[in-house]
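Student: Could we go through this model together, one question at a time, with the reasoning spelled out before each answer?

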Amino acid sequence: MAMKMRIEERLYREYMEFFEKAERERRWNIFNDVPWDQINPDAPEELALCAETFASVEMYLPDYVAGGINVVRDYFGRAWFQANWGYEESKHALALGEYLMRSGKRTKDEWFDHQNVVLSKEWELPFSTGRQMTCYGMIQEQATFLIYCKHRDFAKRENDECLRTIYDYIARDEIAHTRFYQSVIKILLEEDREGTLSDLAHVFANFEMPGVGLVPDYDTRILQMRDNGGIDRNIFIRKVYLPLLKYVGIDRHEMLAAQRRELEARRNRESIVETTSSAAE
Amino acid sequence: MSENVLTMFKTVAERVDKRSFDDVTRESVITDLGIDSLSMMQIVGEMETELNLQIPDEDLVEIVTVGDLCSKVERRLAAA
């Protein structure tokens, strides 16, 4: 009980610091702060396709919020973060959708049809505990930040100041989110290092970006996103894995040991399932 | 020494990924072998532990082929 109270207090302080900074420095207004008059109508379709892909992934917000907030509702700081996160993320899909329509790259009907196709599927929570979901959020937001930065450069190269600005605002939000998750992970590591390492290893081993298997033509879209953003296969290690470990204070070899334990545990679980299935036959 | 390090890579990769890497050469591109980035980190870590050496993080991001990794290990061994 004492540990829960202590974590509760620390998470509350982290959230208040995060929220104060967000209110003071990071709020942006979709109607006033985006230069809608600086859309480049001649920008290539690839730019629109990538924006549509990002908007599609952001569109699963109802599932992200519903699943994400319930798994952390026992800690005020984390639950309130998820509520604020939902507000900030809601602007991302809105801004990108508005961009697609105002640029003329998609008609209103095309965009709403696409929304219906996207929302016909449902995103399911990839991990079952609040701590694992915090690990997932930390990795996913760092990766997303990186991708938006790369595409901000792509929009700039194509002289689309409007989309460049939207990506800039979104990237700022994403990095703020991953920083919060990192701070929470640091606290959790201090309170239960072995358990947190084990969860982090489990999440790294099973990590997938949220649009996989949901967004229509996802594989083709991802290839476009990588090509146009200059995103290579090593970038996950270089810009996500290693920087995250460094920030939360985990040595690469300590993580390796946790990954090894996780792998063994998974193999044991699989072996038990195989044995049970054979016995049942 | 280069053969030894390549053999070690094959052994460790087989242990981590649970499949054979017999046909691997120094020219093999790691991602073409179907080794994902996290498995790669695990292979590097296992080799570092067994050989009692450490490759700096900034060197890890330059590794593209099996030979790149072997060369970095060999340089560390020679310097030890």
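Student: What percentage of the residues of chain B count as buried?

Tutor: We are dealing with a predicted model, so the figures describe a computed structure. A residue counts as buried if 20 or more other C-beta atoms lie within 10 Å of its own. Applied to the 80 residues of chain B, this gives a buried share of 26%.

Student: Which pattern does chain B follow when read along the sequence?

Tutor: Chain B has 4 helices and 0 strands. Read from one end of the sequence to the other, the pattern of chain B is therefore written with helix symbols, as α-α-α-α.

Student: Why is chain B said to be as compact as a globular protein of its length?

Tutor: Along its principal axes, the C-alpha trace of chain B spans about 30 × 25 × 20 Å. For 80 residues the globule rule gives 12 Å, and chain B counts as compact because its radius of gyration is close to that value, at 11 Å.

Student: Which helix of chain B supplies the largest share of the side that touches chain A?

Tutor: In the contact between the chains, 9 residues of chain B meet 13 residues of chain A. On the chain B side, α2 (37-51) and α3 (57-60) each supply at least two residues, and by class that side divides into 4 nonpolar, 4 polar and 1 charged. The largest share, 5 residues, comes from α2(B).

Student: How are α6(A) and α7(A) oriented to each other, parallel or antiparallel?

Tutor: Helix α6 (residues 130-157) of chain A packs against helix α7 (residues 161-191) of chain A with the axes 8 Å apart and at an angle of about 155°. The crossing of α6(A) and α7(A) is left-handed, and their contact has 15 nonpolar, 8 polar and 7 charged residues. Since angles over 145 degrees count as roughly antiparallel, the description that follows for α6(A) and α7(A) is roughly antiparallel.

Student: Which residues in α3(A) meet α4(A)?

Tutor: The axes of helix α3 (residues 61-71) and helix α4 (residues 76-102) of chain A come within 10 Å and cross at roughly 175°, and the two helices are therefore roughly antiparallel. From α4(A), the residues in the contact are Ala79(A), Gln82(A), Ala83(A), Gly86(A), Glu89(A), Ser90(A) and Ala93(A). The residues of this contact of α3(A) with α4(A) divide into 6 nonpolar, 4 polar and 1 charged. On the α3(A) side, the residues asked for are Leu61(A), Val65(A), Gly68(A) and Ile69(A).

Technical notes:
Residues numbered from 1 in each chain as written. Chains lettered and ligands numbered in written order. Predicted model: local features only at pLDDT ≥ 70, side-chain atom pairs only at ≥ 80, totals over all residues. Contact = placed C-beta atoms within 7 Å. Nonpolar A, V, L, I, M, F, W, Y, C, P; charged D, E, K, R; others polar. Rg over C-alpha atoms; globule rule 2.2 N^0.38 Å. Buried ≥ 20, exposed ≤ 12 C-beta atoms within 10 Å, placed from the backbone. Axes fitted to C-alpha atoms, helices over the stretch in contact; angles between N-to-C directions. Parallel < 35°, antiparallel > 145°, perpendicular 65-115°, else oblique. Left-handed = near helix turned anticlockwise from the far one by under 90°.
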